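Subject: Structure for your files

Hello,

Here is the structure I said I would pass on. My notes on what was found follow it.

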Amino acid sequence: HSDIMQDGHGVVRRQTDWEREIETLDRKEMELHQSQLRLIREQTATFVRDLAVLQGDVDQLRAAQASQARVPDRLDRLERVLGESSEK
């Protein structure tokens, strides 16, 4: 009879241990998900900042390219003006 009671207590103890282990694993899983979400938010914020910097660089390059594209037109006009003034 005492063997049956010990087995019963052993089963209850194992069940309690398993429940405690499951609770611990659930808590660790929640912490892992929270860490993953925090990392995703940080990476997204960094990506957005880097993208904004890159967009600014592209805008500057476009402005510089547009400015350089006008230089030949200015030289042509200057040459025409100089040529016309020298013909007079």
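A helix here is a DSSP run of H or I with at least four residues, and helices are numbered from the N terminus. Arg 27 lies in one of these runs, helix H1. Please keep in mind that this is a predicted model.

Overall form

The secondary structure of the protein chain amounts to one helix and zero strands. Helix H1 covers residues 2-87. Along its principal axes, the C-alpha trace spans about 130 × 10 × 5 Å. The radius of gyration is 38 Å, whereas a compact globule of 88 residues would have one near 12 Å. A pair of residues shows the spread: Arg 27 and Leu 78 are 51 residues apart in sequence, and their C-alpha atoms are 76 Å apart in space.

Burial and surface

Of the 88 residues in the protein chain, 2% are buried. The chain exposes about 8,400 Å², and carbon and sulfur atoms supply 58% of that area. Arg 27, mentioned above, is partly exposed, with a relative accessible area of 44%.

Charge

The protein chain carries 14 positive and 18 negative side chains. The centres of these two sets lie 6 Å apart.

Two patches of charge are found on the surface. The positive patch is a gathering of Arg 70, Arg 74, Arg 77 and Arg 80. Arg 80 belongs to helix H1 and has a relative accessible area of 49%, so this residue counts as partly exposed. That value is over the 30% that a residue needs in order to join a patch.

The negative patch brings together Glu 19, Glu 23, Asp 26 and Glu 29. Glu 19 also has its place in helix H1. With a relative accessible area of 41%, Glu 19 is partly exposed, which again is over the 30% limit for patches.

Salt bridge

How many salt bridges does the count come to? The count is one. The partners are Arg 20 and Asp 17, whose side chains meet with an N to O distance of 3.3 Å. Why are these two separated by about one helical turn? Because they are three residues apart in helix H1. Arg 20 is partly exposed at 49% relative accessibility, and Asp 17 is partly exposed at 38%. Patches are made of residues with no salt bridge, so Arg 20 and Asp 17, which share one, are left out of them.

Nonpolar patch

Phe 47, Val 48, Leu 51 and Leu 54 form a nonpolar patch on the surface. Together these four residues have about 410 Å² of accessible area. Leu 54 is in helix H1. Is Leu 54 buried, exposed or partly exposed? Leu 54 is partly exposed, because its relative accessible area of 49% falls between the 20% limit for buried and the 50% limit for exposed.

In short, the predicted model has one helix and zero strands, with 2% of its residues buried. Its surface holds a positive patch, a negative patch and a nonpolar patch, and the salt bridge count is one.

Regards

Terms used:
Residues numbered from 1 in each chain as written. Predicted model: local features only at pLDDT ≥ 70, side-chain atom pairs only at ≥ 80, totals over all residues. Heavy atoms only, no water. Patch = residues over 30% accessible without salt bridge, like charges linked within 9 Å, V, L, I, M, F, W, Y side chains within 5 Å. Areas by Shrake-Rupley, 256 points an atom, 1.4 Å probe, with all protein chains shown as cover. Lys, Arg positive; Asp, Glu negative; His and termini not counted. Charge placed at Lys NZ, Arg CZ, Asp CG, Glu CD. Buried < 20%, exposed > 50% of the residue type's maximum accessible area, 1.4 Å probe, protein only. Rg over C-alpha atoms; globule rule 2.2 N^0.38 Å.
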